[in-house]
Structures are given as C-alpha cells and as structure tokens.
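Reader: Hi! I'm in my first year and still learning to read these pictures. Could you take me slowly through the sheet and what sits around it?

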Amino acid sequence: MQNPILEQIKSVGVVAVVRAQTKEEATKIAEACIQGGLKAIELTFTVPKADEVIAHLANNIPADRLILGAGTVLDQATAELAIKAGAKYIVSPGFDLATAEYCLSVGVPYMPGCMTITEMLTALKAGVEIIKLFPGSVFGPGFVKAVKGPLPNIQIMPTGGVSLDNVAEWIKNGVVAVGVGGELTAPAKKGDFKAVEDNARAFVEAVAKARKEA
C-alpha cells in the first residue's frame, strides 16, 4: 500500500516548489496556492532558515489544508532537520542512500531526483515509491513513456521544464504528478499573490483535464 501522503500528492497532481526570502513570503505563497486548490507545498532548503519556515507553515496552516514537504534536501542531517520541523515528505535533486534509508525508517516518503534508468532502479531498491525526474527539461515528456516501457509500474514526478503549455503532455505520457516552481510562483516576486493563486488553479485544472483525456 502506498504511503498516504503520496496518495494525497497524486490526488492533487501538482507540487508547488516554493522558494522565498522570508517566512511571511513563503506563507503568502503557500496560502495563494491552497486558495487555488493546490495544497502540496515543497519548501526548498535554498530558502534562508528553511527549517524555521517549514515550522512556521506547519504551525500556521492546518494540516488538512496543507501537504507540506521539504525540497533540495541533500543529506540525512537535513532530512532529519526538515522532518523535525514538520515536513511530511522529502524531495531531493539527486539520490542519497543514507537519506533514503533514514526516511524509510521513520515512514516519511523520499522523492529523489534521478535522470537515468540505473539511478531509478537504485532508488526503487532503496524503497523509494515516487521518482522525481530532474531536471525534466533535459528529457521532456517523451522520456517518461520510454522509461515506462521496461518499467511499466514506475511512478515518476517531473520537476523542471513543466509549464501550462506542456503539463497535459507530461500527464498523458504517464507521470503521477508534476513539480512546478517559477512557472507557478514567479508573480510572488512582485507581490502579486493573486496571480500565484490563479496559476495554481490553472495547473490543477490542466492536470485534471489531462487525466480525463489520457
């Protein structure tokens, strides 16, 4: 049986990759995404004092409205810090065995970035359930279909290179969800959180439409 957090992420279909300068900005971005129907938030460790921002989000947004994860987690120590702060899943740009084993031991999903079949198989053997294809822009949606030839049951979530223009193509090629950063949250840099909300709604609707058509 799949981890319930991953089931929730797959249900939404989109993970918002959030980079912000302050707790307040991160909270506003998260709230805007949630208002747009996108409650899966990945707060990256490129954010200053990311663990404090994660704790702030966890303490200020009810758990039934937020699926909170940590991104750009490069090692076990950072994973421990993130989980202690309130992260319910861990995302990384690459695969780290110690992090995978730790996350498995505490029941927290780990989604590592992989580019090759070999990396994906290594991650699957370590207990990973969903593979983050990163950077997705290097390969494109067709790569997912090619991977699912020999590995029909693999669950892939691309991050990088996902836009409103191609999200339907990603879904139709078999991904279980997509991770979206700047394409979704860029208006926040200008303080336009309503535009972030509109972008979130557009991505969620595009994924739902593509799933019906797939």
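Author: Sure, let's start with the sheet and then move on to the pocket and the cysteines.

One thing first: this is a predicted model, where local features need pLDDT of at least 70, side-chain atom pairs count only at pLDDT 80 or more, and totals for chains, interfaces and linings use all residues. Residues are numbered from 1 along each chain as its sequence is written, and side-chain values use heavy atoms, with hydrogens and water left out.

Now, the sheet. It is open and made of 8 strands, running in the order β7-β6-β5-β4-β3-β2-β1-β8 with parallel pairing. Strands here are DSSP runs of E, at least two residues long, and helices are runs of H or I, at least four, numbered from the N terminus. Two strands pair if DSSP finds at least two bridges between them. At the edges you'll find β7 (156-158) and β8 (178-180), each pairing on one side only. From one strand to the next, the twist averages 30° (axes are lines fitted to C-alpha atoms, and angles run from 0 to 180 degrees between N-to-C directions).

Follow β8 to its partner: β1 (residues 14-18) pairs with β8 in the parallel sense over 3 bridges, and V14 stands opposite V178 of β8. Further along, β2 (residues 40-44) and β3 are parallel too, with 5 bridges, and E42 faces G69 in β3.

Strand β3 (residues 67-71) deserves a pause: 5 of its 5 residues are buried, so the rest of the structure largely encloses it. Buried means under 20% relative accessible area, exposed over 50%, and partly exposed in between, using a 1.4 Å probe and protein chains only. In a regular strand, side chains alternate between the two faces of the sheet. In β3, I67, G69 and G71 point one way while L68 and A70 point the other, and all are buried.

Next, the largest pocket, which holds about 220 Å³ of space. Its lining has 16 residues, with V17, R19, F134, T159 and G160 lying nearest the centre. The elements giving two or more residues to that lining are β8 and α10 (182-185).

Finally, the cysteines. A search of the whole structure finds 0 disulfides, meaning pairs of cysteine sulfur atoms within 2.5 Å. For C114, the nearest cysteine sulfur is that of C103, 14 Å away. C114 is buried, with a relative accessible area of 0%, and C33 is buried at 0% as well.

Terms used
On a 1 Å grid over the protein atoms alone, a cavity is a set of points where a 1.4 Å probe fits but cannot get out, and a pocket is an open set with protein on both sides within 12 Å along at least five of seven lines; lining residues have an atom within 4 Å of a point. Grid points are joined across faces, edges and corners, and a volume is the space filled by probe spheres set on the points.
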